[in-house]
Amino acid sequence: MNPDDPLLAILACPLDKGPLSLLADEEALYNPRLRLSYPILDGIPQLLPSSGRKVEADVHGRYVAHLKASAT
């Protein structure tokens with residue numbers, strides 16, 4: 001999955017139904033509101049609620065900084 005993939009515009013977190021951000025280096029989609037990371041396996045996002053992995057505060061800070069930097 002790449003940042004220009006039109007699928008990203010319609011994917012949503014299964015828990016809060018909000019948008020997800022692509023973490024291409026991690027091969028994951030990230031929900032910063034709930035601090036959950038969803039893996040992308042073989043190009044397929046794993047968006048079951050049980051697939052979300054809780055992210056620690058320091059990792060969350062790194063992810064948010066990376067997302068802000070890539071948005072500019």
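**Pocket, strand pairing and buried residues in the predicted model**

The largest pocket has a volume of about 150 Å³. The structure described here is a predicted model. The lining of this pocket is made up of Pro3, Ser21, Leu22, Leu23, Ala24, Asp25, His66, Leu67 and Ser70. Two elements, β1 (21-23) and α1 (57-71), each give two or more residues to that lining. Sorted by class, the residues that line the largest pocket are 5 nonpolar, 3 polar and 1 charged.

Strand β1, which contributes to the pocket lining, also takes part in strand pairing. β1 and β2 are antiparallel and are joined over 3 bridges. Within this pairing, leucine 23 has alanine 28 of β2 as its bridge partner; Leu23 is also one of the residues that line the largest pocket. The hairpin of β1 and β2 has 4 residues between the strands, and glutamate 27 in this hairpin adopts a positive phi near 50 degrees.

Strand β2 (residues 28-31) is covered on both faces. Ala28 and Tyr30 are buried on one side, and Leu29 and Asn31 are buried on the other. In addition to its pairing with β1, β2 pairs with strand β3 (residues 36-41) in the antiparallel sense, over 4 bridges. Two positions illustrate this pairing: alanine 28 is found opposite proline 39 in β3, and tyrosine 30 is found opposite serine 37 in β3. Alanine 28 thus has a partner in β3 as well as being the bridge partner of leucine 23. A hairpin with 4 residues between the strands connects β2 and β3, and its turn contains arginine 35, whose phi is positive at about 55 degrees.

Tyrosine 30 is also a member of an aromatic pair. The structure holds 1 such pair. The ring centres of tyrosine 30 and tyrosine 63 are 5.0 Å apart and the ring planes meet at 75 degrees; planes over 60 degrees apart count as edge-to-face, so this pair is assigned to that class. Because tyrosine 30 belongs to strand β2 and tyrosine 63 to helix α1, the pair ties together parts that are 33 residues apart in sequence. Both members are shielded: tyrosine 30 is buried, with a relative accessible area of 0%, and tyrosine 63 is buried at 9%.

Asparagine 31 is likewise placed in strand β2. With a relative accessibility of 0%, asparagine 31 counts as buried. When its neighbours within four places in sequence are set aside, asparagine 31 is in contact with Cys13, Asp16, Leu20 and Leu36. The C-alpha atoms of asparagine 31 and lysine 17 are separated by 9.9 Å, while the two residues are 14 places apart in sequence.

Strand β3 was examined next. Of its 6 residues, 5 are buried, so β3 is largely enclosed by the rest of the structure. Besides β2, β3 pairs with β4 and with β5. The pairing of β3 and β4 is antiparallel and extends over 2 bridges, with isoleucine 40 having proline 45 of β4 as its bridge partner. The hairpin of β3 and β4 has 2 residues between the strands, and aspartate 42 in this hairpin has a positive phi near 55 degrees. β3 and β5 also run antiparallel and are joined by 2 bridges. In this pairing, serine 37 is opposite arginine 53 in β5. Serine 37 therefore has one partner in β5 and, in β2, another in tyrosine 30.

The loop between β4 (44-45) and β5 (53-54) contains serine 51. Serine 51 has a relative accessible area of 19%; since buried means under 20%, serine 51 is classed as buried. Apart from its neighbours within four places in sequence, serine 51 is in contact with Ser37, Tyr38, Pro39 and Gln46. Among these contacts, Ser37 and Pro39 are the β3 residues that stand opposite tyrosine 30 and alanine 28, respectively.

Terms used: Residues numbered from 1 in each chain as written. Predicted model: local features only at pLDDT ≥ 70, side-chain atom pairs only at ≥ 80, totals over all residues. Heavy atoms only, no water. 1 Å grid on protein atoms, 1.4 Å probe; cavity = no way out; pocket = protein on both sides within 12 Å on 5 of 7 lines; lining within 4 Å. Points joined across faces, edges and corners; volume = space filled by probe spheres on them. Nonpolar A, V, L, I, M, F, W, Y, C, P; charged D, E, K, R; others polar. Buried < 20%, exposed > 50% of the residue type's maximum accessible area, 1.4 Å probe, protein only. Contact = heavy atoms within 4.5 Å. Phe/Tyr/Trp six-rings, centres within 6.5 Å; stacked < 30°, edge-to-face > 60°.
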